[in-house]
Amino acid sequence: MKLHQQQDTGNLFKQYKNGAVQVGEQWYQGTVIVTPDVIDTQWPVLSLAELTEAHFEYLLSFRPEVVLLGTGDRFQLVHPKLTLPLTGIGIGVETMDTGAVCRTFNILSGEGRRVVAAILP
């Protein structure tokens, strides 16, 4: 078993409910990108159906190791073609319901990983 030191610094999710996420003491409704050190509410995506390859290219600016895509209250599949700007250069992309993204982000961030959570409403 490999152990990692937990680092509880930076942005961490506290709650997810009613389509909103709490990061630290602040609540965010709608689309938000969260990294251990940045919160970005300018990602212009309102739904899963609107996602394009360009939206995933934008995530490269955060220098991720892994991207966690939160699809709301339930898991929704994303076409693999859309994630090619990331997966094509070895960056992992995991799609899951938003609650799972929040939990996974906190774990990976605590391990010091360069994780990006992209939350859709």
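In what order do the five strands of the open sheet stand? The order is 5-4-8-6-7, and the pairing within this sheet is mixed. The model is a predicted one. In total the protein has three helices and eight strands, and from the N terminus on they follow the pattern β-β-β-β-β-α-β-α-β-α-β.

**Overall form**

- The protein has 121 residues, for which a compact globule would have a radius of gyration near 14 Å; the value here is 13 Å, which agrees.
- Taken along the principal axes, the box filled by the C-alpha atoms is roughly 35 × 35 × 25 Å.
- Of the 121 residues, 47% are buried.
- Counting contacts between residues at least 6 apart in sequence, 65% join residues that are at least 24 apart.

**Surface and charge**

- The accessible surface is about 6700 Å², and carbon and sulfur atoms account for 52% of that surface.
- The protein carries 9 positive and 12 negative charges, and the mean positions of the two groups lie 3 Å apart.

**The open sheet**

- Strand 5 (39-40) and strand 7 (92-96) are at the edges of the five-stranded sheet.
- Each of these two edge strands has a single partner strand, so one side of each has no neighbour in the sheet.
- Strand 6 (residues 66-70) pairs with strand 8 (residues 115-119) in the parallel sense, over five bridges.
- Within the pairing of strands 6 and 8, leucine 69 is opposite alanine 118 of strand 8.

**Strands 1, 2 and 3**

- Strand 1 (residues 13-17) and strand 2 (residues 20-23) run antiparallel and are joined by four bridges.
- These two strands form a hairpin with two residues between them, and asparagine 18 in its turn has a positive phi of about 50°.
- Across this hairpin, glutamine 15 stands opposite glutamine 22, and tyrosine 16 stands opposite valine 21.
- Strand 2 is also joined to strand 3 (residues 26-29), again by four bridges and in the antiparallel sense.
- Strands 2 and 3 make a hairpin with two residues between them; here the turn includes glycine 24, whose phi is positive at about 65°.
- Glutamine 22 of strand 2 has tryptophan 27 of strand 3 opposite.
- In strand 2, Ala20 and Gln22 point one way while Val21 and Val23 point the other way, and all of these residues are buried.

**Leucine 86 in helix 2**

- Leucine 86 belongs to helix 2 (residues 84-87).
- The relative accessible area of leucine 86 is 0%, so the residue is buried.
- Leaving aside residues up to four places away in sequence, leucine 86 touches Phe56, Leu59, Leu60, Val67, Ile91 and Val93.
- One of these contacts, phenylalanine 56, is 30 residues from leucine 86 in sequence, yet the C-alpha atoms of the two are 6.8 Å apart.

**Histidine 55 in helix 1**

- Histidine 55 is found in helix 1 (residues 53-58).
- Its relative accessibility is 14%, and histidine 55 counts as buried because buried means under 20%.
- Leaving aside residues up to four places away in sequence, histidine 55 touches Trp43, Pro44, Val45 and Glu50.

Definitions and conventions. Residues are numbered from 1 along each chain as its sequence is written. This is a predicted model: local features need pLDDT of at least 70, side-chain atom pairs count only at pLDDT 80 or more; totals for chains, interfaces and linings use all residues. Side-chain values use heavy atoms; hydrogens and water are left out. The radius of gyration is taken over C-alpha atoms; the globule rule is 2.2 Å times the number of residues to the power 0.38. Buried means under 20% relative accessible area, exposed over 50%, partly exposed in between (1.4 Å probe, protein chains only). Contact means heavy atoms within 4.5 Å. Accessible areas come from the Shrake-Rupley method with a 1.4 Å probe; for residues, only the protein chains shown count as cover. Lys and Arg count as positive and Asp and Glu as negative; His and the chain ends are not counted. The place of a charge is taken as NZ of Lys, CZ of Arg, CG of Asp or CD of Glu. Two strands pair if DSSP finds at least two bridges between them.
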